[in-house]
Amino acid sequence: MDDHTDQTRKPRADAVRNRERVLEAAKVVFSAGGPEASLEAVAKRAGVGIGTLYRHFPTREDLFEAVYRREVEQLSELAEQLKNAKDPVDALRRWLRSGVEFVATKKGMVAALALAVQSGSELHAFSFERLTKAIASLLDRAAAAGAMRADISPEDLLRAFFGMCYMHDQPGWQSSVLRMLDVFVDGLRVRPAAKAKARTVKPAKAAVKRRR
């Protein structure tokens with residue numbers, strides 16, 4: 001029985017590994033975009049036959065949706081990992097920078113994903129709920145620590161983030177967005193030390209005027 005069990009388990013384990021290889025390869029291929037972003041290119045990069053790819057994902061839309069869901073899940077897991085980071089602002093920054101990779105993959109699948117969302121709202125609801133919850137946990141922690149403004153909602157932050165990503169379409173857009181993200185996050189910081197310094201400078205100026 002043990003031998004039989006081992007024999008039945010191996011194909012399932014191989015199938016899981018093949019599926020993960022296809023999803024990882026698809027992320028890379030779709031992020032690059034262009035005419036090379038074909039299912040054949042995905043299969044080649046994953047090291048599987050095109051038949052294996054179609055057994056896991058019968059249609060192109062099935063593969064796109066699976067990659068999209070996987071990316072959302074990974075961002076949710078990353079938020080959980082970063083919740084205990086020493087610097088809550090840096091944790092939020094790291095999550096947003098990882099989000100740029102998610103958007104790059106999404107841009108390569110935008111047409112198919114648009115069709116998927118139009119056919120039903122479940123995919124949109126799934127992603128919105130997961131991403132909002134993920135960013136809220138990091139944003140709330142930074143605000144509670146007094147390190148970031150508390151008047152920014154998770155929805156506001158997500159809208160600003162996606163706005164930055166989709167305003168840039170030229171090659172190398174990720175580098176531009178990453179620079180803008182640093183500026184944006186730094187702008188949300190609360191800097192008590194800077195405020196204290198400003199308060200100490202004003203009396204000094206007043207004293208100089210009195211001496212004159």
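This report looks at one buried threonine and at several salt bridges in a predicted model.

## About the model

Residues are numbered from 1 along each chain as its sequence is written. Because this is a predicted model, local features need pLDDT of at least 70 and side-chain atom pairs count only at pLDDT 80 or more, while totals for chains, interfaces and linings use all residues; side-chain values use heavy atoms, with hydrogens and water left out.

## T105 and its surroundings

Let's start in helix α5 (residues 88-107), where T105 lies. Helices here are DSSP runs of H or I with at least four residues, numbered from the N terminus. With a relative accessible area of 1%, T105 is buried; that word means under 20% relative accessible area, with exposed meaning over 50% and partly exposed in between (1.4 Å probe, protein chains only).

Which residues is T105 in contact with, leaving aside its neighbours within four places in sequence? They are K27, F30, S31, V67 and E71, where contact means heavy atoms within 4.5 Å. As for K27, its C-alpha atom is separated from that of T105 by 5.8 Å, although the two residues are 78 apart along the chain.

## Salt bridges from helix α1

A search of the whole structure finds 14 salt bridges, each being a side-chain nitrogen of Lys or Arg within 4 Å of a carboxyl oxygen of Asp or Glu. K27, met above as a contact of T105, has one with E101 (3.5 Å, N to O). This pair links helix α1, home of K27, to helix α5, home of E101, across 74 residues. K27 is buried at a relative accessible area of 15%, whereas E101 is partly exposed at 46%.

Another salt bridge joins R70 and E24, with the closest N and O atoms 3.1 Å apart. R70 lies in helix α4 (residues 60-82) and E24 in helix α1 (residues 2-32), so the pair ties together parts that are 46 residues apart in sequence. R70 counts as buried at 15% relative accessibility, while E24 is partly exposed, with a relative accessible area of 35%.

## From helix α5 to helix α9

Back in helix α5, R93 forms a salt bridge with D182, their closest N and O atoms being 3.0 Å apart. D182 sits in helix α9 (residues 173-188), so to speak a distant part of the chain, 89 residues from R93. R93 is buried, with a relative accessible area of 13%, and D182 counts as partly exposed at 26% relative accessibility. Salt bridges that share partners join R93, R97, D182, D186 and R189 into one network.

Methods: Helices (H or I, at least four residues) and strands (E, at least two) are DSSP runs, numbered from the N terminus.
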